[in-house]
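Have the sequence and the 3D structure at hand while reading. The text moves from helices to strands and then to loops.

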Amino acid sequence: MNEQILQIAARIREMREILDMETAEIANQLGISEAEYLKYENGEDDIPIGVLYATAGIFGIDPTELLTGEKPRMDGYTIVRKDQGAVIERCPGYSFRSLATNFINRDMEPMIVEVSASDEPADLITHGGQEFNMVLEGSVAVIIKNKEFILNAGDSIYFDPRVPHGQKAVSNHAKFLTVINEWDWRK
C-alpha cells in the first residue's frame, strides 16, 4: 500500500484511540464488518472516499484532518492554484487532487481525478450524497451498476452514488472533475 494510504490509516487509528472507541463500534456505525474496517485502519486496503467521510463524521472532524493531518482554515473562500491542492494516490493509476480541503464546513468535495488505462475492471464503490463527473482530458468509462457509459472530453454525468459505481480510463490517460455532495459529516 502506498505511503499516503498508510498515513491516512494511521490518522484514523490515532483518532479512534484518542476517542477511546472500539473497532467494532466504528465498523458497526459504518455498516461494514470489523474485519473490513481493520483492513482500512491497518492500511491493508484502499479506503473508499465514502468510508473516509463517514469515519470523519463518526469522529466529529473534517475529512481533511484524516486526508492531510491538518484542519481547514478558510471560511469565506479558498483558492487552489493550478496543479496545487492535496493529492491522494488512491491506488496505482488512480489519484485525485482535492480542490477545497482548506475550506471549513464545505458541503461539496470537488476533485480532479487522474486515471491511467488498465485491463482491470473498475472498483465499484458506493457513498451517500450526489456526484457529478466531467471529463477534462481523454475518455473515461463510468460504470453505474451494470451499465457502462463512455464519456469524452467535455461530456459529463450526474448520478446517485449510493448505486455501485466506478470510473476507469478508456484512453491511455484521462482526467476528470468530480464534485461530490457528500452527506453532512458534521452531524
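The paragraphs below go through selected parts of the chain. The structure is a predicted model, not an experimental one.

A good place to start is helix α4, which spans residues 49–59. Of its 11 residues, 10 are buried, so the helix is largely enclosed by the rest of the structure. The buried residues include Ile-49, Val-51, Leu-52, Tyr-53 and Phe-59. Small residues are also on the list, among them Gly-50, Ala-54, Ala-56 and Gly-57. Just after α4 comes Gly-60, with a positive phi of about 75°.

Helix α3 covers residues 34–41. Tyr-37 sits in this helix, and its relative accessibility is 1%. Because the cut-off for a buried residue is under 20%, Tyr-37 counts as buried. Glu-41 also belongs to α3 and is buried too, with a relative accessible area of 2%.

What does the side chain of Glu-41 meet in a salt bridge? Its partner is the side chain of Arg-16, with 2.7 Å from N to O. The pair links distant parts of the chain, since Glu-41 is in helix α3 while Arg-16 is in helix α1, 25 residues apart. Arg-16 has a relative accessible area of 12% and is therefore buried. Glu-17 joins these two residues in a network of salt bridges. In general, side chains of opposite charge can pair when their charged atoms come close.

Seven salt bridges are found in the whole structure. Another of them joins the side chains of Glu-109 and Arg-106, at 2.9 Å from N to O. Both Glu-109 and Arg-106 are buried. The side chains of Asp-160 and Arg-162 also form a salt bridge, at 2.7 Å from N to O. Here Asp-160 is partly exposed, with a relative accessible area of 30%, and Arg-162 is exposed, with 59%.

Charged residues also appear without such partners. A patch of negative charge on the surface is formed by Asp-20, Glu-22, Glu-25 and Glu-34. Asp-20 lies in the loop between α1 and α2. Is Asp-20 buried or exposed? Asp-20 has a relative accessible area of 66%, so it counts as exposed.

The strands come next. Strand β8 takes in residues 165–169, and four of its five residues are buried. Strand β5, made of residues 139–144, runs antiparallel to β8, and five bridges join the two. One residue of this pairing can be followed by name: Ala-141 has Lys-168 in β8 as its bridge partner.

A second antiparallel pair consists of β4, residues 130–137, and β7, with four bridges between them. Asn-133 has Ile-157 in β7 as its bridge partner. Which side chains of β7 point to the buried face? Along residues 156–159 the side chains alternate. Ile-157 and Phe-159 point to one face and are buried, whereas Ser-156 and Tyr-158 point to the other and are not buried.

Strand β9 runs over residues 173–181 and contains His-173. This histidine is partly exposed, with a relative accessible area of 34%. How far apart are His-173 and Gly-93 in sequence and in space? They are 80 residues apart in sequence, and their C-alpha atoms are 8.9 Å apart. Tyr-37 and Asp-83 give another pair to look at: 46 residues apart in sequence, with 32 Å from C-alpha to C-alpha.

Asp-83 lies in the loop between α5 and β1. Asp-83 is not a glycine, yet its phi is positive, at about 65°. With a relative accessibility of 52%, Asp-83 counts as exposed, because the cut-off for exposed is over 50%. Asn-105 is another residue other than glycine with a positive phi, near 60°. Asn-105 is in the loop between β2 and β3. At 42% relative accessibility, Asn-105 counts as partly exposed.

Note on methods. Residues numbered from 1 in each chain as written. Predicted model: local features only at pLDDT ≥ 70, side-chain atom pairs only at ≥ 80, totals over all residues. Heavy atoms only, no water. Buried < 20%, exposed > 50% of the residue type's maximum accessible area, 1.4 Å probe, protein only. Pairing = 2+ DSSP bridges. Patch = residues over 30% accessible without salt bridge, like charges linked within 9 Å, V, L, I, M, F, W, Y side chains within 5 Å. Areas by Shrake-Rupley, 256 points an atom, 1.4 Å probe, with all protein chains shown as cover. Salt bridge = Lys/Arg side-chain N within 4 Å of Asp/Glu carboxyl O. Lys, Arg positive; Asp, Glu negative; His and termini not counted. Charge placed at Lys NZ, Arg CZ, Asp CG, Glu CD.
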